[in-house]
Amino acid sequence: MLKKPNAMLFDLDGTLLDTAKDLGNALNQILISLGRATVDHQTYRNIASDGAKGMLELGFGDDLKHFEFDTLRQQFLDYYENNICVETDYFEGVEQLLITLNKKHIPWGIVTNKPEFLTSQLIASFPLLHNCAVVISGDTLRERKPHPLPLLHAEQKLSLNSPNTWYIGDAQRDIQSANAANMISVIAEYGYISDLQVTDEWNADLSIHSATDLLTYF
């Protein structure tokens, strides 16, 4: 039996926001400029949580070693920054969940490995995200997920009495981070996961099919 959470922390890409198409568009723009074949949505969707590095490795494969990686990465980030919210939106049920958390005065925050300059742009583009109590990005601290420090720092910022914090994410590193931080770890199965059977090995406390599944716990 899981106790009612008194705080919730969320991953961003693949958990709160479906950012895959805009990330895929950034990759494909580079591939097109180099005369290379593009990658379809079904192929890149489950790599989206791995950021620029994962997307470039997908798009270029073994040929990536023949290119200047830092140049490609900067081109990717530049295009993505300028087109960050063309096709990005909340996952189904996320808005209802966040509105309910606000109504019940349960503090919530975002802990992501996305760079701060991109995280802040996304949050600015979605008014409901302005209500988050804390935001920790991939370059906020000296460590990032799967290290527990970002989650522990976020929890500290919430100034909770007897914290019972839940962390929701769609990648193994999210669950590893939550478990190491002694938080309730929740797998967002609707996110960027290619094989749900593999998640049985992640040792999460809970799995959800929709963000609204969490409403039954408070």
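This is a short walk through one protein chain, from its overall form to a few single residues.

Please keep in mind from the start that what you see is a predicted model. The secondary structure of the protein chain comes to eight helices and eight strands. With a radius of gyration of 17 Å, close to the 17 Å that the globule rule gives for 218 residues, the chain is as compact as a globular protein of that length. If you turn the C-alpha trace along its principal axes, the spans are about 55 × 35 × 35 Å.

Let me stay with the whole chain for a moment. Of the 218 residues, 50% are buried, and when we take the contacts between residues at least 6 apart in sequence, 68% of these join residues at least 24 apart. On the outside, the protein chain exposes about 10500 Å², of which carbon and sulfur atoms supply 45%. As for charge, there are 16 positive and 29 negative side chains, and the centres of these two sets lie 6 Å apart.

Now to the inside. Which residues have the most contacts inside the largest nonpolar core? They are Phe10, Phe76 and Leu214, in a core that has 53 residues. Helix H1, which covers residues 20-33, gives the largest share of this core, namely six residues. There is also a second, separate core of twelve residues, and among them are Leu9, Val134, Ala178 and Met183.

Phe76 is a good residue to click on, and if we leave out residues up to four places away in sequence, Phe76 touches Leu23, Ala26, Leu27, Ile30, Ala52, Met55 and Leu56. Three of the names in that list, Ala52, Met55 and Leu56, come up again as buried residues of helix H3, residues 51-60, together with Gly54, Gly59 and Phe60. It may help to recall here that an α-helix has 3.6 residues a turn, so residues three or four places apart point the same way. And what do the buried residues of H3 pack against? Their partners are H1, helix H2 (41-44) and helix H4 (69-82). After H3 comes Gly61, whose phi is positive, near 60°.

That brings me to the backbone, where I would like to show you a few places in the loops. In the loop between strand S5 (134-136) and helix H7 (149-158) you will find Pro146, and the peptide bond that leads from Lys145 to Pro146 is cis, with omega near 20°.

Two residues other than glycine also have a positive phi, and I will take them in order of sequence. His105, with a phi of about 55°, is found in the loop between helix H5 (94-103) and strand S4 (108-111). Is His105 buried or exposed? His105 is exposed, because its relative accessible area is 70%, and the cut-off for exposed is over 50%. Ser159, whose phi is near 50°, sits in the loop between H7 and strand S6 (165-169), and at 62% relative accessibility Ser159 counts as exposed too.

Last, a residue in a helix. Asn82 has its place in helix H4 and, at 63% relative accessibility, counts as exposed. How far apart are Asn82 and Gln121 in space, C-alpha to C-alpha? The distance is 10.0 Å, while in sequence Asn82 and Gln121 are 39 residues apart.

How values were computed
Residues are numbered from 1 along each chain as its sequence is written. This is a predicted model: local features need pLDDT of at least 70, side-chain atom pairs count only at pLDDT 80 or more; totals for chains, interfaces and linings use all residues. Side-chain values use heavy atoms; hydrogens and water are left out. Helices (H or I, at least four residues) and strands (E, at least two) are DSSP runs, numbered from the N terminus. The radius of gyration is taken over C-alpha atoms; the globule rule is 2.2 Å times the number of residues to the power 0.38. Buried means under 20% relative accessible area, exposed over 50%, partly exposed in between (1.4 Å probe, protein chains only). Contact means heavy atoms within 4.5 Å. Accessible areas come from the Shrake-Rupley method with a 1.4 Å probe; for residues, only the protein chains shown count as cover. Lys and Arg count as positive and Asp and Glu as negative; His and the chain ends are not counted. The place of a charge is taken as NZ of Lys, CZ of Arg, CG of Asp or CD of Glu. A nonpolar core is a set of buried Ala, Val, Leu, Ile, Met, Phe, Trp, Tyr and Cys residues joined through side-chain atoms within 4.5 Å.
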